Amino acid sequence: MKYVFYLLAIFIITAWALQIRFIETIDQNFVQAVITIRHPLLTKFFHFLTSLGSSAVILLFMLIITLVILIRKRTLSVWYMYLFFFLERILNETLKNWIARERPSFAPLVNDPSYSFPSGHSMNAACMYAFFAFFLLTDFPYFRRHRTAVYIWTGALVIMIGGSRIYLGVHYLTDVIGGFSLGFMLFFIFKKIAENFLFVRQN
């Protein structure tokens, strides 16, 4: 569980750093630098990537996984997955409203009225795609044999979803880092509980 404390520390430090003018300047300069590389093809690609981090798409994947889990008669795991997701969503919205950081104003390509820190899409991706990978590795021997590939593809997807939020001009780099750190922290907590109480007991 040491990863939980490391990730919590990263989140707290990142949240505290928002008050530092130097960090704010770096954040603004980074977004401005990223948006200079915009291209119609890249914009379509990042719009697609950012949709993968939305709650609607995450829920769609969860419904698919629900069918698989129910076929394997692991009802408790289904309820736990949804509880995990909704707790993650509540925590994200609570922190956004508490910290109340305004979003970047550098020609955003999507409209999002909520606050900026931590990035909800980044947090979604870190939490839930890590869980989906954990599910595949737990339940399917094929994916266990290709464990490294699962890690690489999952990590790349999570990073690109976070990057898409900066490219589209709706988040700062620190927003994404905050979302990643908190999302992965929640995943490791979930994984520990699932291994000890849910998946093992229902196998």
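How far apart should the ends of helix H8 (residues 147-167) be, at 1.5 Å a residue? This is a predicted model, and the close-ups below start with that helix.

**View 1. Helix H8, end to end.** The 21 residues of H8 should span 30 Å, and the end C-alpha atoms are indeed 30 Å apart, so expectation and model agree. Buried residues along H8 include Val150, Thr154, Leu157, Val158 and Ile161. Gly162 is buried too, as are Ser164, Arg165, Ile166 and Tyr167. After H8 comes Gly169, with a positive phi near 80°.

**View 2. The largest nonpolar core, 50 residues in all.** Met62, Met128, Tyr129, Phe131, Phe132 and Phe190 have the most contacts inside this core. Among the elements giving two or more residues to it are helix H1 (2-17), helix H4 (55-71), H8 and helix H9 (173-202). The top contributor is H6, with 11 residues.

**View 3. Arg89 in helix H5 (residues 75-99).** Is this arginine, Arg89, buried or exposed? Arg89 counts as buried because its relative accessible area is 15%, under the 20% cut-off. Leaving out residues up to four places away in sequence, Arg89 touches Ser55, Gly120 and Asn124.

**View 4. Backbone oddities in the loop between H5 and H6.** Pro118 sits in this loop, and the peptide bond leading to it from Phe117 is cis, with omega near -5°. Ala100 is in the loop as well; its phi is positive, near 55°, though Ala100 is not a glycine. Ala107, another loop residue, also has a positive phi, near 50°. Ala100 is partly exposed at 33% relative accessibility, and Ala107 is partly exposed at 47%.

Key. Residues numbered from 1 in each chain as written. Predicted model: local features only at pLDDT ≥ 70, side-chain atom pairs only at ≥ 80, totals over all residues. Heavy atoms only, no water. Helix = DSSP H or I, 4+ residues; strand = E, 2+ residues; numbered from the N terminus. Buried < 20%, exposed > 50% of the residue type's maximum accessible area, 1.4 Å probe, protein only. Contact = heavy atoms within 4.5 Å. Expected span 1.5 Å × (residues − 1). Core = buried A, V, L, I, M, F, W, Y, C linked by side-chain atoms within 4.5 Å.
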